[in-house]
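Here's an informal walk through this model, meant to be read with the structure open beside you. We'll take the overall picture, then go piece by piece.

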Amino acid sequence: MTQDTVPFLDLFADEIFAAAYAKIPAVHRALLKTCIARLHAWYTPTGKKQTQTITNWAQGFSSLTLSSPKKRCLLAAPANIGAATLLAAFVPALCAGVPEITVAFIGQAPCHDATLLALELAGQERVGRLAEKDFPKLAKQYETSQTCVLALNQTASLLTNFSGTLWSNPDVHRIGVLCTENGISLEAVTFAHPDASIIQIEATNQEPAQAIEQLLEAELHGVFASNSLHPTLIQHIPLLFGLGHEGCWLYPHLDMQFFRMQQVAWGNTYLETTT
């Protein structure tokens with residue numbers, strides 16, 4: 001981890017991340033690595049800092065579009081946020097090519113070792129603790145068109161006068177775990193999602209239809225269940241994860257366009273060499 005100066009932020013020392021790594025067993029580290037890998041695959045980094053698109057429309061005009069990553073992103077979260085929740089917001093910013101990402105843990109609650117390890121595995125370098133009263137002050141520096149803020153798990157409520165680009169997630173994830181013989185590991189889900197409200201439904205000794213009915217009644221944000229049940233559940237549940245994906249999470253409506261700037265021109269014919 002590199003130690004840059006960030007206003008109001010008490011940056012963590014490298015030793016904190018090394019200690020977190022040492023405390024987490026290899027089987028749990030693998031869950032976080034899988035989450036990072038799946039998110040990278042889903043968001044597919046382009047490797048391009050800026051793209052230019054010229055379109056000649058049938059209606060008799062041309063458009064020129066420039067797209068490039070925002071310069072800076074602030075990700076704010078309660079100190080006790082879970083690893084999967086954080087990664088689901090952090091990795092898209094990384095894949096979008098934002099060159100400067102700052103992660104600020106708000107409040108004095110202890111951070112989960114898994115969350116610190118997740119940031120270490122993802123390569124994040126600017127991580128620290130921020131007093132609640134200082135969050136609006138730091139966020140004020142992210143109100144330009146070249147910056148954005150991700151405010152997770154109710155931290156957006158602290159920004160009453162923020163005028164920049166802001167995204168926030170549902171306040172509390174409600175997760176269902178459909179437990180079957182040799183199926184989803186409840187222990188693994190709990191490890192990666194300590195900030196979620198987890199509803200366990202035991203399906204081993206009851207008909208699958210009954211277990212599914214219980215899941216549907218709970219109005220869940222996502223469900224961890226055996227792959228064989230996904231074709232049925234996806235008709236009713238917005239987010240599903242199968243065996244081996246217990247450490248994963250995803251925000252389907254958070255796409256990389258949130259982290260990019262776009263300039264558009266309409267005119268006559270543009271040449272491909274236009275810059």
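The protein's secondary structure adds up to 8 helices and 13 strands. Both are DSSP runs numbered from the N terminus, with helices being H or I over at least four residues and strands being E over at least two. Before going on, note that this is a predicted model, where local features need pLDDT of at least 70, side-chain atom pairs count only at pLDDT 80 or more, and totals for chains, interfaces and linings use all residues. Residues are numbered from 1 along each chain as its sequence is written, and side-chain values use heavy atoms, with hydrogens and water left out.

**The overall picture**

The C-alpha trace spans about 70 × 50 × 35 Å along its principal axes. Of the 275 residues, 49% are buried; that means under 20% relative accessible area, while exposed is over 50% and partly exposed is in between (1.4 Å probe, protein chains only). Take the contacts (heavy atoms within 4.5 Å) between residues at least 6 apart in sequence: 68% of them join residues at least 24 apart. The accessible surface is about 13400 Å², and carbon and sulfur atoms hold 52% of it. That area comes from the Shrake-Rupley method with a 1.4 Å probe.

On the charge side, there are 16 positive and 23 negative side chains, and the centres of the two sets are 12 Å apart. Lys and Arg count as positive and Asp and Glu as negative, with His and the chain ends not counted. Each charge is placed at NZ of Lys, CZ of Arg, CG of Asp or CD of Glu.

**Helix 4 and what wraps it**

Is helix 4 (residues 113-122) largely enclosed or left open? It's largely enclosed by the rest of the structure, because 7 of its 10 residues are buried. Those buried residues are A114, T115, L116, L117, A118, L119 and A122. Their cover includes helix 1 (14-23), helix 2 (26-43), helix 3 (83-95) and helix 6 (186-192), along with strand 5 (100-106) and strand 6 (127-130). Just past the end of helix 4, G123 takes a positive phi of about 85°.

**Strand 6 and its partners**

Strand 6 is covered on both faces: V127 and R129 are buried on one side, G128 and L130 on the other. In general, side chains in a regular strand alternate between the two faces of the sheet. Strand 6 runs antiparallel to strand 1 (residues 9-11), with 3 bridges joining them, and parallel to strand 5, with 4 bridges. Two strands count as paired if DSSP finds at least two bridges between them. G128 is a handy landmark here: L11 stands opposite it, and it is also the bridge partner of A104.

**Salt bridges**

How many salt bridges does the structure hold? There are 5, each being a side-chain nitrogen of Lys or Arg within 4 Å of a carboxyl oxygen of Asp or Glu. Three of them are listed here.

| Pair | Closest N to O distance |
|---|---|
| E100 and R126 | 3.4 Å |
| K133 and D134 | 3.3 Å |
| K137 and D134 | 3.4 Å |

E100 sits in strand 5 and R126 in the loop between helix 4 and strand 6, so their salt bridge ties together parts that are 26 residues apart in sequence. E100 is partly exposed, at 24% relative accessible area, whereas R126 is buried, at 13%.

As for the other two pairs, D134 is buried at 10% relative accessibility, K133 is exposed at 62% and K137 is partly exposed at 43%. Shared partners join K133, D134 and K137 into one network of salt bridges.

**An open sheet of parallel strands**

Another sheet to look at is an open one of 4 strands in the order 10-9-11-12, with parallel pairing. Strand 10 (197-202) and strand 12 (240-241) are at the edges with a single partner strand each, so one side of each has no neighbour in the sheet. Strand 12 runs parallel to strand 11 (residues 222-224), joined by 2 bridges. F224 has F241 in strand 12 as its bridge partner.

**A loop with two positive phi values**

Finally, go to the loop between strand 7 (147-151) and strand 8 (166-168), where you'll find N153 and Q154. Neither is a glycine, yet N153 has a positive phi of about 50° and Q154 one of about 80°. N153 is buried at 11% relative accessibility, while Q154 is partly exposed at 47%.
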